[in-house]
Amino acid sequence: PILASAHDNGCICLWSIQGTLVKELLPFSKYASVPLTALCTDISTKMLLAGSKEGHVMCWRISSFLEDPQNCKNQIKEELRWRAHSTKVVDLFHEEEKNVVVTASIDGSVRLWHAMNGSYLGYFGQARKFELSDISRLILPCDVNNFPTIIKEENKHMEKKKFDYPLMLDRDK
């Protein structure tokens, strides 16, 4: 068993039941890390989802890591990120049978998203029925203007590259 905790600096810590830190995750992002406010997994613990203070939802594939946490080849890969709300995500859960993610925000809205690609399916209280089978339409809620980002490259955010730019005084300039 692994315990996951979300933190103010935007990282997720995975702990053993003995209390030792097993892995630390940072969301793959070109933006500064923001506090994480909600965590959940699917029932089979293949996916780990996190909601942020800025309304984003991030999704990691964790199944191979959980099978053998000691094997460094079994990496945790962030696969998907989308803006779910314009304000803080306070709760979320993954419904594995229907393959949807439900998010709730401090603005009072509860929204439904497709779990595999982050496409918007609707909100609770809408007049029309949810169309869970039609994920080809790319629509967004009125307060969100960013489409989901599928992350295909490896997480390189933790690698710090060293660049050598020596300062040189040029008196002629």
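Trainee: Let's start with Arg83: is its side buried, exposed or partly exposed, and what is its relative accessible area?
Mentor: Keep in mind that we're looking at a predicted model. Arg83 is found in strand β7. Buried would need a value under 20% and exposed one over 50%, so Arg83 falls in between: partly exposed, with a relative accessible area of 23%.

Trainee: Which backbone oxygens does the side chain of Arg83 reach?
Mentor: One of them belongs to Glu54, and it lies 2.9 Å from a polar atom of the Arg83 side chain. Another is reached at 2.8 Å, and that one sits on His85. So, with the 3.5 Å limit for a polar contact, you can name the backbone oxygens of Glu54 and His85.

Trainee: Leaving out residues up to four places away in sequence, what does Arg83 touch?
Mentor: Start with Glu54, whose backbone oxygen we just met. Gly55 and His56 are also touched by Arg83. The list then goes on to Trp113, Val144 and Asn146.

Trainee: How far apart are the C-alpha atoms of Arg83 and Ser52?
Mentor: Along the chain, Arg83 and Ser52 are 31 residues apart. In space, their C-alpha atoms are separated by 9.4 Å.

Trainee: Where does β7 sit, and what is the strand order of its sheet?
Mentor: It's an open sheet of five strands with antiparallel pairing. β4 and β12 (149–150) stand at the edges with a single partner strand each, so one side of each is left without a neighbour in the sheet. β6 and β7 pair in the antiparallel sense over six bridges. Read across, the order is β4-β5-β6-β7-β12.

Trainee: In β7, which residue is the bridge partner of Arg61?
Mentor: Arg61 lies in strand β6, and β6 pairs with β7 in the antiparallel sense. In β7, the bridge partner of Arg61 is Lys77.

Trainee: Which residue forms a salt bridge with Arg61?
Mentor: The closest N and O atoms of this salt bridge are 3.1 Å apart. The partner lies in strand β7 and Arg61 in strand β6, so the pair ties together parts that are 18 residues apart in sequence. Arg61 counts as partly exposed at 29% relative accessibility, and its partner is partly exposed too, at 24%. That partner is Glu79.

Trainee: How many salt bridges are there, and which residues meet at 3.9 Å?
Mentor: The count comes to two salt bridges. In the one at 3.9 Å, N to O, both partners are buried: the arginine has a relative accessible area of 13% and the glutamate 0%. Those residues are Arg81 and Glu78.

Trainee: Which residues form one aromatic cluster?
Mentor: A search of the whole structure finds two aromatic pairs. Trp82 and Trp113 are tilted, 5.9 Å centre to centre with 45° between the planes, and they link strand β7 to strand β10 (residues 110–114), 31 residues apart. Trp113 and Tyr120 are tilted as well, at 5.0 Å and 55°. Trp113 belongs to both pairs, so the cluster is Trp82, Trp113 and Tyr120.

Trainee: Is Tyr120 buried or exposed, and at what relative accessibility?
Mentor: Its ring partner Trp113 is buried, with a relative accessible area of 0%. The cut-off for buried is under 20%, so Tyr120 counts as buried too, at 9%.

Trainee: Which residues have the most contacts inside the largest nonpolar core?
Mentor: This core has 15 residues. β4 (36–41), β5 (47–52), β6 (56–61), β7 (77–83) and β8 (89–95) each supply at least two of them. A second, separate core of 11 residues includes Ile12, Leu48, Met58 and Trp60. In the largest core, the residues with the most contacts are Leu49, Val57, Trp82, Leu92, Val101 and Trp113.

Trainee: Which side chain is joined to that of Ser105 by a polar contact of 2.6 Å?
Mentor: Ser105 is in strand β9 (residues 100–105) and is buried, with a relative accessible area of 7%. Beyond four places in sequence, Ser105 touches residues including His85, Lys88 and Val90. The side chain that makes the polar contact is that of Thr87.

Trainee: And which side chains make polar contacts with Ser5?
Mentor: Ser5 lies in strand β1 (residues 2–6) and is buried at 18%. One contact is 2.8 Å, to His7. The other partner, at 2.9 Å, also counts among the residues touched by Ser5 beyond four places in sequence. So the side chains are those of His7 and Trp15.

Terms used. Residues are numbered from 1 along each chain as its sequence is written. This is a predicted model: local features need pLDDT of at least 70, side-chain atom pairs count only at pLDDT 80 or more; totals for chains, interfaces and linings use all residues. Side-chain values use heavy atoms; hydrogens and water are left out. Helices (H or I, at least four residues) and strands (E, at least two) are DSSP runs, numbered from the N terminus. Buried means under 20% relative accessible area, exposed over 50%, partly exposed in between (1.4 Å probe, protein chains only). A polar contact is a pair of N or O atoms within 3.5 Å; within protein, one must be able to donate a hydrogen and the other to accept it, and residues adjacent in sequence count only if both atoms are side-chain atoms. Contact means heavy atoms within 4.5 Å. A nonpolar core is a set of buried Ala, Val, Leu, Ile, Met, Phe, Trp, Tyr and Cys residues joined through side-chain atoms within 4.5 Å. A salt bridge is a side-chain nitrogen of Lys or Arg within 4 Å of a carboxyl oxygen of Asp or Glu. Two strands pair if DSSP finds at least two bridges between them. Rings of Phe, Tyr and Trp (its six-membered ring) pair if their centres lie within 6.5 Å; planes under 30 degrees apart count as stacked, over 60 as edge-to-face and the rest as tilted.
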